[in-house]
Amino acid sequence: MELNDLEDLLQRNIEWATSQKDKDSEFFVTTSKEQKPKYCWIGCSDSRVSPSQILDLPPGNIFVHRNIANQVNANDTNCLSVLEYAIYFLEVKHIIVCGHTGCGGVESSFKKQSSKFINLWIDNILQLSIDHKRDLDTLNCTTERVDRLSELNILSQIVNLGDLNLVKDAWTRNIDLSLHGWIYSLSDGLLHDLTGKVSSLNDLTIIRSLCAPQISGD
Ligand code: ZN
């Protein structure tokens, strides 16, 4: 499908809004009153991995934060404010960190690029690729290495998430909150669960061990 200009986008919006009302005449009345999503999604900005679309969900179901290579950074007030609102105001029960195969952000860590801001942003993925160099070097090609590093990145972001006071405090207060690390396959459109349900510091310890730096001689 080729979209020629912004008029096409606006026309598609009119058609979408009309079809929603045709299916449910109260749809916009209901959704304009409040949102009650059960899920918070931290995903990559990649245009091919739009959560509502790949989960086939209508508006109102997922509270979303996206950035390049689905990072959870304790210094990122954008991400932290989304998480704070999701956990303590919307009271979501599940936070999903979803990466994907063929991630350009992850692949950037294997390349020497002059991009200032992307290099800064993916600095910890670069470190992850150094920490797991021996494991990654056993793989056959760049595609496999990028996808393995994407998995390690997702595990690492789950650890970063569980290490946030926002999440630890929720667990201390016995708030029902679980973390989930998923990867989306661009080749077949399917999601794969990498972590199972992570809902305690004990669960987090297991995930931490799965992405811990390889020690020489291991
Ligand atoms: Zn990506």
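User: Is R148 buried, partly exposed or exposed in this model?

Analyst: The model is predicted, and the label comes from relative accessible area, where buried means under 20% and exposed means over 50%. R148 has 24% relative accessibility, so it counts as partly exposed.

User: Which side chains does R148 meet in salt bridges?

Analyst: A salt bridge is read from the distance between a side-chain nitrogen of Lys or Arg and a carboxyl oxygen of Asp or Glu, with a cut-off of 4 Å. R148 meets D135 at 3.3 Å, N to O. D135 lies in helix α8 (residues 133-137) and R148 in helix α9 (residues 142-163), so this pair ties together parts that are 13 residues apart in sequence. R148 also meets E151, at 3.1 Å. Here both residues belong to helix α9 and are 3 residues apart, about one turn of the helix. E151 is partly exposed, with a relative accessible area of 26%. Taken together, D135, R148 and E151 are linked in a network of salt bridges.

User: How many salt bridges are there by this rule?

Analyst: The count comes to 6 salt bridges. One of them joins R208 and D163, at 2.8 Å from N to O. This pair links distant parts of the chain, since R208 is in helix α11 (residues 201-210), D163 is in helix α9, and the two are 45 residues apart. R208 counts as partly exposed at 35% relative accessibility, and D163 is partly exposed at 33%.

User: Helix α9 keeps coming up. Which element gives the largest share of the largest nonpolar core?

Analyst: A nonpolar core is read as a set of buried residues of the nonpolar kinds, joined through side-chain atoms within 4.5 Å. The largest one here has 41 residues, and the members that touch the most others are I42, L83, I95, L161 and L179. Elements giving two or more residues to this core include β1 (39-44), β3 (94-100), α10 (165-172) and β4 (178-184). The largest share, 8 residues, comes from α9.

User: What is L179 in contact with, leaving aside neighbours within four places in sequence?

Analyst: Its partners are I95, I158, L161, G162, V167, W171, T195, G196, K197 and V198. A second core, separate from the largest, has 7 residues, among them V49, I62, I96 and C98.

User: How should I read the strand pairing around β1?

Analyst: Look at the sense of the pairing and at the bridges that make it up. β1 and β2 pair in the parallel sense over 6 bridges, and Y39 stands opposite I62 in β2. β1 and β3 also run parallel, joined by 5 bridges; the partner of G43 in β3 is C98. In a regular strand the side chains alternate between the two faces of the sheet.

User: Why is β1 described as largely enclosed by the rest of the structure?

Analyst: The description follows from burial: 5 of the 6 residues of β1 are buried, so the rest of the structure largely encloses the strand.

User: Which residues coordinate the zinc ion?

Analyst: A metal site is read from its donor atoms. For the zinc ion these are SG of C44, NE2 of H100 and SG of C103, at 2.1 to 2.3 Å. Water is not among the atoms, so a site may look incomplete. The donor residues are spaced C-x55-H-x2-C in sequence. Both H100 and C103 are buried.

User: How many aromatic pairs are there, and what describes their geometry?

Analyst: The count comes to 5 aromatic pairs. Each is described by a centre-to-centre distance and an angle between planes. F27 and F28 form an edge-to-face pair, at 4.9 Å centre to centre with 85° between the planes. F27 counts as buried, at 11% relative accessibility, whereas F28 counts as partly exposed, at 29%. The rings of F63 and Y85 have centres 5.6 Å apart and planes at 40°, so that pair is tilted. It links distant parts of the chain: F63 is in strand β2 (residues 62-67) and Y85 in helix α4 (residues 77-89), 22 residues apart. F63 counts as buried at 16% relative accessibility, and Y85 as partly exposed at 36%.

User: Which residues do ring pairs link into a cluster?

Analyst: The cluster consists of W16, F27 and F28.

Conventions: Residues are numbered from 1 along each chain as its sequence is written. This is a predicted model: local features need pLDDT of at least 70, side-chain atom pairs count only at pLDDT 80 or more; totals for chains, interfaces and linings use all residues. Side-chain values use heavy atoms; hydrogens and water are left out. Donors are N, O and S atoms within 2.8 Å of the metal (3.2 Å for Na, K and Ca); water is not among the atoms, so sites may look incomplete. Buried means under 20% relative accessible area, exposed over 50%, partly exposed in between (1.4 Å probe, protein chains only). Rings of Phe, Tyr and Trp (its six-membered ring) pair if their centres lie within 6.5 Å; planes under 30 degrees apart count as stacked, over 60 as edge-to-face and the rest as tilted. Helices (H or I, at least four residues) and strands (E, at least two) are DSSP runs, numbered from the N terminus. Contact means heavy atoms within 4.5 Å. Two strands pair if DSSP finds at least two bridges between them.
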